[in-house]
Amino acid sequence: MEAEVALNATLDASPTTAPEDETDDLGGGRYAADCRARLAFDVLANRWDSVVVYILGEQGPMRPRAMLTRIGGISSKVLNEALRRLEYNGLVERHRYAEAPPRVDYALTEAGAALLAPIRALGAWAATHGDAVLAAQDRFDRASA
């Protein structure tokens with residue numbers, strides 16, 4: 001209990017702590033289960049979701065077959081799951097065309113397009129720190145073996 005009080009006091013005194021009105025904007029207190037920041041991380045936690053958002057942001061509306069070709073390394077089943085998840089979260093829109101044969105394409109919503117800047121920032125972080133992360137993983141694996 002004392003450690004928790006000390007940790008909270010440290011966090012409250014930290015210059016990196018967001019002002020109280022900023023944490024309220026996230027939908028809860030600093031550690032609230034319904035914090036909007038957790039929602040953002042949940043949306044991007046899947047391996048392929050951010051890749052699909054990025055590709056749609058760079059290329060514009062696309063058909064699933066074109067996405068499969070552009071992304072590479074993803075199965076049609078996994079792409080379909082990612083698209084459904086992104087549609088569920090309001091990040092992509094599915095457009096069906098009444099044609100023969102049926103045609104479907106996907107495009108980013110406003111919320112999906114707003115994720116492009118954070119995704120690019122994560123990409124820049126990975127370019128800068130990726131080698132250090134991989135080296136740390138190798139060291140850990142060797143030490144654990």
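User: What backbone angle does Gly-60 take, just after α4?

Analyst: Welcome! This is a predicted model, and in this model Gly-60 takes a positive phi of about 85°. The residue comes just after α4.

User: Which residues of helix α4 are buried?

Analyst: In α4, which covers residues 49–59, they are Asp-49, Val-52, Val-53, Ile-55 and Leu-56. To be called buried, a residue must have under 20% relative accessible area.

User: How do you know where these residues lie around the axis of α4?

Analyst: The arc tells us. The buried residues cover only 165° around the axis, so they sit on the same side of α4.

User: Why is Ala-113 called buried, exposed or partly exposed?

Analyst: Its relative accessibility is 38%. Buried would need under 20% and exposed over 50%, so Ala-113, at 38%, counts as partly exposed. Ala-113 belongs to helix α7, residues 110–114. Val-92 is 21 residues apart from Ala-113 in sequence, and the two are 8.9 Å apart in space, C-alpha to C-alpha.

User: How much of the whole chain counts as buried?

Analyst: The share is 23% of the 145 residues. As for secondary structure, the chain has 8 helices and 2 strands, and their order along the sequence is α-α-α-α-α-α-β-β-α-α.

User: What makes Arg-103 count as lying over the face of Tyr-97?

Analyst: Arg-103 is at 3.8 Å from the ring centre of Tyr-97. The distance limit is 6 Å, so 3.8 Å passes that part of the rule. Arg-103 does lie over the face of the ring.

User: What is the peptide bond from Ala-100 to Pro-101, cis or trans?

Analyst: That bond is cis, with omega near -5°. Pro-101 is in the loop between β1 (92–97) and β2 (103–108).

User: What makes up the lining of the largest pocket?

Analyst: The lining includes Ala-40, Phe-41, Tyr-54, Leu-115 and Gly-123. The elements that give two or more residues to this lining are α3 (36–44), α4 and α8 (116–144). Of these, α8 gives the most, with 5 residues. The pocket holds about 300 Å³ of space.

User: How do the residues of that lining divide into nonpolar, polar and charged?

Analyst: There are 9 nonpolar residues, 2 polar and no charged. Gly counts as polar here, so Gly-123 falls in the polar group.

User: How many aromatic pairs does the ring rule give?

Analyst: The count is 0. Ring centres must lie within 6.5 Å to pair, and by this rule the model has 0 aromatic pairs.

How values were computed
Residues numbered from 1 in each chain as written. Predicted model: local features only at pLDDT ≥ 70, side-chain atom pairs only at ≥ 80, totals over all residues. Heavy atoms only, no water. Phe/Tyr/Trp six-rings, centres within 6.5 Å; stacked < 30°, edge-to-face > 60°. Lys NZ or Arg CZ within 6 Å of the ring centre and 35° of its normal. Buried < 20%, exposed > 50% of the residue type's maximum accessible area, 1.4 Å probe, protein only. Helix = DSSP H or I, 4+ residues; strand = E, 2+ residues; numbered from the N terminus. Arc of directions from axis to C-beta. 1 Å grid on protein atoms, 1.4 Å probe; cavity = no way out; pocket = protein on both sides within 12 Å on 5 of 7 lines; lining within 4 Å. Points joined across faces, edges and corners; volume = space filled by probe spheres on them.
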